[in-house]
Amino acid sequence: MTSETNPSVRTRFFDTKIEFLKGVGPQKAALLNQELNIFTFGDLIQHYPFRHEDRSVFHKISALNEQMPAAQIKGRLREWTIVGEGGKKRLVGQFVDGTGLIELVWFQSIAWYEKYLRPNADYIVYGKPLLFGGRWSITHPEIEPLTQENASGGYWQPIYPLTEKLRRKFVDSKAISKMMRSLLEISRAHIRETLPETLVQKYRLVSKADALWHFHLPQSQQWLHQAQRRLKFEELFYNQFRLIKNKLLHKTEFPGLVFNKTLLVKEFYEQHLPFTLTNAQIRVLHEIHEDLKTGRQMNRLLQGDVGSGKTIVAFISMLFALDNDAQACLMAPTEILTDQHCQGLKKFADLLGVNIGKLTGSTKKKEREQIHKELLNGTLHIIVGTHALIEDVVRFKNLGLCIIDEQHRFGVAQRAKLWAKNEHINPHMLVMTATPIPRTLAMTLYGDLDISAINELPAGRKPIKTVHRYDAHRTSVFGFLKEEIAKGRQIYMVYPLIEESEKMDLKDLMDGYESVSRSFPGVPLSILHGKMKSQDKDFEMARFVRGETKIMVATTVIEVGVNVPNASVMVIENAERFGLSQLHQLRGRVGRGAEQSYCILMTDYKISKETKLRIDTMCRTNDGFEIAEVDLQLRGPGDISGTQQSGLMDLLVANLAQDGEILKAARASAEDILTSDPDLLQPVHQPIRVHLENLRKEETNWSRIS
Ligand code: ADP
Ligand code: MG
């Protein structure tokens, strides 16, 4: 066996303690241990930079412009002086390159620079150029003496994650680069290829050894790009490989009830369908039916924008279960939502003679016992409820399908509890979410679920008109609201409520409520916020649903699922304080009836560029997936709801906002290999086996350390 294929050789070399690397030694090693958790050669080589600075070209001072994020200039430091006093004290150097002059300014470590800098010596400086009163300057530039080695530029400087302490000890990115060079020079023979040759060739990837070299020591932008592409592919490939493997395991290990009879489904479809289904609804129902026939347990995510019609899809899916002597349940996160689902589904159920019940925390004891009994003896076919459904006392005769609405409000543990409600064979699972997430995120977040998407709204919907108004326009906005109320419509007015400043926000809400009641004399109002008792909330909500109150002044508690078709205007106060997906969710509360609906985003005059982009996006489109894409670009994957707990943040090189194409290719490759050679028996797939084994070892090491 060569070192390329024998993992033990690789492991031994990369397990070498970092202090034995040329130029490191015990002191620096201790620092690296402490500050960066770098103990071995292997740890160092996997300490990846988070970006690279372009040091390939030198800029002329005469050709600088303010759009440049940074510039590298080669020239002479003529002289420097200390100016200012106290906090304004700074060292200002005059730097020239034959085409112009630029000032270098340091506010910190002045004493050190006084000692370090030599007048009339040549340097390379790097930093963000700014123009003040016709004069260029860079504040806190990086500066290093010009030498033979650096005189030609031509490289990209990796920027590594570091700590303040390391910087104080002069371990900066350049210093890390030096260590990296020593390490890479002796590592080459020990770096194993981690991807099968077939993939390397198919996607024209550079080798692992080349990728590591050029990620740490890029000699050109092309090489850097190739190195990144290769490492991203590898990272996403293994991410997907594990998710898909999990999913396949589930499919082979967990048998599912076979639902192949379709009597009620046919009856409902042919005689009682209240509207024509959209093509997307039909497609999704086919996907679900396919799963239900296979004899394997379904685990499917149904994504669909607010108002796309997930409920009817859920109902028809339940009928598949009923047709095959099984029961179905639907779990929703709130009582309000549960009520609505129950009312909606009961209309359909009654047409078919199907029994449906409701179970929530406020179901009376006697009624609750009756429901428990009927679920157990099978006379109750469908149960809709809140968390109350997962209590142990709730048992079924034969639960065949569980549907969870607004999945992101529940945890995985709750899903598992529902599974266990059928002792013989796990029920099929359909989780629904109205928070659209971009495909790349869905693939990684829900990579172990099958995904269906309703990407089309029912025909004839009037798109919600969204506008941006400043606080100064309040009078005209209120005037418009009065007209809508006169037409019989209802209105939501939403105030932000963010936990850290809850008290202040609550005051904002109460002030808002006062001002609304003054501006709309005689108009009945409701108020709703998270600090209210659950019964009070339900009471207020119920009044609004019945149309007894005309304006609902609320915090974001109304965000999820509420359906009041007569509400046609959503006013969002301090819209700058909401994220895009939240704005979109809130807007989804209107536009549910036949009338034209409106969303009015209120802000101050002064808003940031990013806020402007969010608001413009809202005004431009109603498409949740498009909005989710913008959200992803703006905030990065880390801040999108649900990603925090998912391990997604472990991605070191790939960026889901940008690497969608690589992700798709990596996923397809993982799928291919797992279907054609699930046990990785072919020799060409051996690198995968070895690498998975190493990943597993690394993870156990890490869990020991942290
Ligand atoms: P969501 O996906 O947000 O849960 P719902 O299932 O509540 O959406 O549907 C929103 C509204 O659209 C409901 O009033 C529903 O009856 C109606 N609807 C659903 N599908 C169609 C369709 N194909 N044609 C017309 N109306 C539909
Ligand atoms: Mg819904």
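## A walk through the helices and loops

Start by selecting helix 12 and helix 13 (residues 335-352): their axes come within 11 Å and cross at roughly 45°. That angle makes helix 12 oblique to helix 13. Turn the view until you look through both helices, and you should find that the crossing is right-handed. Now show side chains. Helix 12 brings Thr311, Ile312, Phe315 and Leu319 to the contact, and helix 13 answers with His341, Leu345, Phe348, Ala349 and Leu352. Colour these by class and you get seven nonpolar residues, two polar ones and no charged ones.

Before going on, zoom out. Bear in mind that this is a predicted model. The protein has 706 residues, and 50% of them count as buried. Its secondary structure comes to 24 helices and 22 strands. Along the principal axes, the C-alpha atoms fill a box of roughly 90 × 75 × 40 Å. If you draw the contacts with a separation of 6 or more, 73% of them are between residues 24 or more positions apart.

Next stop: helix 11, residues 279-293. This helix has 15 residues and reaches 21 Å from its first C-alpha to its last, close to the 21 Å expected at 1.5 Å a residue. Which of its residues are buried? Select Ala280, Gln281, Val284, Leu285, Ile288, His289, Asp291 and Leu292 to see them. To see what they pack against, add strand 10 (299-304), helix 12 (310-323), strand 15 (428-433) and strand 16 (450-454). So helix 12, from the opening stop, comes back here as one of the packing partners of helix 11. Step just past the end of helix 11 and click on Gly295, which takes a positive phi of about 90°.

Now for another helix pair. Select helix 6 (residues 173-187) and helix 8 (residues 208-216), whose axes come within 10 Å and cross at roughly 165°. With the cut-off for roughly antiparallel set at over 145 degrees, helix 6 and helix 8 are therefore roughly antiparallel to each other. Helix 6 passes helix 8 in a left-handed crossing. The side chains to display are Met180, Arg181, Leu184 and Glu185 on helix 6, and Leu212, Trp213 and His216 on helix 8. By class, this contact has four nonpolar residues, one polar and two charged.

Time for some loops. Go to Thr163, in the loop between strand 9 (155-159) and helix 5 (164-168). What does Thr163 touch, leaving aside its neighbours within four places in sequence? Select Glu35 and Leu36, and you have its contacts. For a sense of distance, put a line from the C-alpha of Thr163 to that of Arg242: they are 79 residues apart along the chain and separated by 32 Å.

Two backbone oddities round off the tour. Most residues other than glycine have a negative phi, which is the reason to pause at the next pair.

- **Ser109:** look in the loop between strand 4 (101-106) and helix 4 (110-116). Phi of Ser109 is near 50°, a positive value in a residue other than glycine. Add a surface and Ser109 comes out as partly exposed, with a relative accessible area of 47%.
- **Leu680:** jump to the loop between helix 23 (660-676) and helix 24 (686-705). Leu680 is not a glycine, yet has a positive phi of about 55°. Buried or exposed? Leu680 is buried, with a relative accessible area of 4%.

Notes: Residues are numbered from 1 along each chain as its sequence is written. Chains are lettered from A and ligands numbered from 1 in the order in which they are written. This is a predicted model: local features need pLDDT of at least 70, side-chain atom pairs count only at pLDDT 80 or more; totals for chains, interfaces and linings use all residues. Side-chain values use heavy atoms; hydrogens and water are left out. Axes are lines fitted to C-alpha atoms, for helices over the stretch in contact, and angles run from 0 to 180 degrees between N-to-C directions. Helices (H or I, at least four residues) and strands (E, at least two) are DSSP runs, numbered from the N terminus. Angles under 35 degrees count as roughly parallel, over 145 as roughly antiparallel, 65 to 115 as roughly perpendicular and the rest as oblique. A crossing is left-handed if the near helix is turned anticlockwise from the far one by less than a right angle, and right-handed if clockwise. Contact means heavy atoms within 4.5 Å. Ala, Val, Leu, Ile, Met, Phe, Trp, Tyr, Cys and Pro count as nonpolar, Asp, Glu, Lys and Arg as charged, and the others, Gly among them, as polar. The expected span of a helix is 1.5 Å times one less than its number of residues. Buried means under 20% relative accessible area, exposed over 50%, partly exposed in between (1.4 Å probe, protein chains only).
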